[in-house]
Amino acid sequence: MSHPLGNPPSKVVAVHLGYASRARERGRFPSHPSYFLKPPSSLSGTQEAIVRPEGCELLGFEGEIALVIGSRAQHVPPEDGWSYVRWVTAANDAGLYDLRYADRGSNLRSKGGDGFTPIGPRLLDARRLDPAALRLRTWVNSELVQDDTTDTLLFPFGQLVADLSRLMTLEPGDVILTGTPAGASVVVPGDVVEVEVSGGELSTGRLRNPVSAGPPLEPFGSMPKADPTEREAAYGTALPLLDPALESRLRSVAAATLSAQMRARGLPHMSIDGVLPVSSTGMVGVAHTLRYLPLREDLFEKHGTGMNAQKRAVEALRPGHVLVMDARRDPTAGTLGDILALRAMKRGAAGVVTDGAVRDSRAIAGLGLPVYASGAHPSVLGRRHIPWDHGVPIACGGALVQPGDLIVGDADGVVVVPPDLAEELVADGREQERQERFITEQVAAGESVDGLYPLAPAWRAIYDTWCKGESG
C-alpha cells in the first residue's frame with residue numbers, strides 16, 4: 001500500500017491516551033504516557049479503503065497527529081525531543097474493537113490489519129510548526145466529529161520522543177501516533193473518514209479513506225466478538241447508552257413523582273432549581289456536562305474564542321445526550337444561542353439545561369428541542385462567563401450532576417436521576433401515581449383527604465379493589 005513515507009519505517013508506535021478530552025471520555029487521566037505497536041504493514045495512504053471484515057461491527061476511527069522521526073534518537077531529554085521530529089502528518093488509527101479481547105493489551109490484530117493506519121496526504125516540515133499550536137480535525141461523511149488543539153495534550157510531543165528513547169532507539173522514518181481527542185467512534189461500510197492537521201498557514205490536506213466491506217475472517221483464529229463494554233469503548237464515550245425501554249418508562253413518570261421517590265430515599269437535592277422550559281417539555285436523556293467559570297478578561301482569548309469548550313461540548317453530543325450547563329445560577333448572560341441549540345439538535349441531543357440564560361429564546365422555542373434555562377438575556381458569550389471544560393461533574397441549579405446521570409424534565413422542571421436507582425424509581429413512581437389517581441377520584445367524589453391522602457390502612461382494601469378494576 002502506498003503512503004507518503006515511501007520506505008516502511010522500522011516501527012509505528014501509538015499512544016493510548018494523548019488528549020484531555022479523550023481522557024475525560026475514558027474516565028481516566030494517566031500520569032505517564034503508555035503505548036502499543038502497530039506493524040508497518042498497517043500503513044496506507046489517502047483514498048485507500050479501510051476494510052471491515054464481514055461479521056465485525058465495531059470498526060473504530062481515530063483521527064491523530066503523526067510524528068515522523070528525522071534522526072536517530074537515543075536517551076533524548078524532553079526539552080530536545082521535538083528537534084528529532086522531521087515531519088508531521090495526519091493519521092487515522094483505525095481498529096476493530098470486536099477483536100480487542102483476542103490480544104488484550106497489545107491491540108495486535110484489532111489495530112494491526114493491513115490498511116488500518118492511513119497517513120498523509122502531505123508531510124509538513126516540523127521546523128516550521130509550533131508543536132503546541134496544531135489543530136486536528138476529523139470528518140465522517142463531511143460532518144465534523146473531532147476538533148481539538150495540541151495545547152490540550154496530556155503529554156507534549158517532545159516528552160513522547162524522550163520517553164520512548166529511554167529504552168528503544170527511534171530510527172529515521174519511525175512514526176509516532178500521538179493519540180486521538182474526543183469524538184472518535186464507529187464507522188460502517190459506505191462511510192468516508194477524513195483527517196486534517198494544520199498549523200498556521202500549513203495544512204496536510206484531508207486524509208480521505210472510504211470504509212468498505214470485506215469477506216469474513218477465516219475460522220482458524222479468534223473470531224469477532226462484541227459485548228456492551230466493547231461497544232461503549234468503540235463508540236468513544238464513557239457515558240452509558242440509555243436503554244430505549246428505560247427511556248420510555250422514565251417518560252411515563254412525572255418529574256415530581258421521581259423527586260418524591262428520591263426524597264424518600266434520602267436524596268432531597270436532586271432537582272435543578274430555577275430553570276423553566278424555554279421550548280417543548282418531555283425530556284429524558286443522559287447528562288453531558290459543560291462548566292462555565294467567571295469571566296477573566298486575560299484568559300478569555302485562550303479559553304473563550306475559537307473551538308472553545310462550549311463548542312466542543314456541543315460537538316461531543318451523541319443521540320440521547322442532554323447538555324447540562326453550570327453557569328453558577330447567573331441569569332445575566334447568555335450561555336446558548338439558537339445556532340448552537342440547532343447544532344445540538346442535529347447531533348441528536350435529547351435536550352439542554354442551563355442554570356444561566358439563553359439568547360435567541362424565540363428561535364430556540366421554535367426548534368422543538370427541549371431547553372430549560374433560568375431566563376433569557378441578549379448578551380453574547382463573554383459578558384459573565386468563560387467556557388472552561390466539559391465532561392466533568394458540575395453544579396447546575398443547586399444539584400450535583402455527573403456525566404452519565406439521567407436527566408428528566410417536564411412542565412414542572414428538571415430532576416437528576418442516579419442511573420443505578422432508575423428502575424426502582426420508575427416502579428415505585430408508577431405505584432405512587434396509581435395511588436394518586438385513586439385518591440383524585442375519591443376527592444372528586446367528595447371524600448375528605450383525612451386518612452385518604454396519603455393512603456391510610458382503612459382505604460387499602462378499597463384501593464386494592466379499585467386496582468383490579470383499573471387493570472381489568
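1. Start with a pair of helices: α6 and α11 lie roughly perpendicular to each other (angles of 65 to 115 degrees get that label, under 35 is roughly parallel, over 145 roughly antiparallel, and the rest oblique). Helix α6 covers residues 255–264 and helix α11 residues 422–444, and they pack at an angle of about 115° with axes 9 Å apart. Those axes are lines fitted to C-alpha atoms over the stretch in contact, and the angle, from 0 to 180 degrees, is taken between N-to-C directions. Helices here are DSSP runs of H or I with at least four residues, strands are runs of E with at least two, and both are numbered from the N terminus.

2. Before going on, a word on the model. It is a predicted one, where local features need pLDDT of at least 70 and side-chain atom pairs count only at pLDDT 80 or more, while totals for chains, interfaces and linings use all residues. Residues are numbered from 1 along each chain as its sequence is written, and side-chain values use heavy atoms, with hydrogens and water left out.

3. Back to the helices. α6 passes α11 in a right-handed crossing, meaning that the near helix is turned clockwise from the far one by less than a right angle (anticlockwise would be left-handed). On the α6 side the contact uses T257, L258, A260, Q261 and M262, and on the α11 side L425, D428, G429, Q432 and E433; contact means heavy atoms within 4.5 Å. These residues split into 4 nonpolar, 4 polar and 2 charged. Nonpolar means Ala, Val, Leu, Ile, Met, Phe, Trp, Tyr, Cys and Pro; charged means Asp, Glu, Lys and Arg; the others, Gly among them, are polar.

4. Now zoom out. The protein chain has 12 helices and 29 strands, and its C-alpha trace spans about 90 × 60 × 40 Å along the principal axes. Of its 472 residues, 51% are buried (under 20% relative accessible area; exposed is over 50%, partly exposed in between, with a 1.4 Å probe and protein chains only). Among contacts between residues at least 6 apart in sequence, 78% join residues at least 24 apart.

5. One open sheet has 7 strands in the order β2-β1-β12-β6-β7-β9-β3, with mixed pairing. Strands pair if DSSP finds at least two bridges between them. At the edges sit β2 (35–38) and β3 (43–44), each pairing on one side only. Strands β1 (12–15) and β2 are antiparallel over 4 bridges, with V13 opposite L37. Look along β2: F36 and K38 point to one face and are buried, whereas Y35 and L37 point to the other and are not.

6. Another open sheet has 3 strands, β8-β5-β13, paired antiparallel. β8 (95–96) and β13 (186–187) are the edge strands with a single partner each, so one side of each has no neighbour in the sheet. G60 of β5 stands opposite G95 in β8.

7. Last, find L170, in the loop between α3 (157–165) and β12 (175–177). L170 counts as buried because its relative accessibility is 0%. Leaving out residues up to four places away in sequence, L170 touches K11, I69, S71, R72, A73, V161, L164 and I176.
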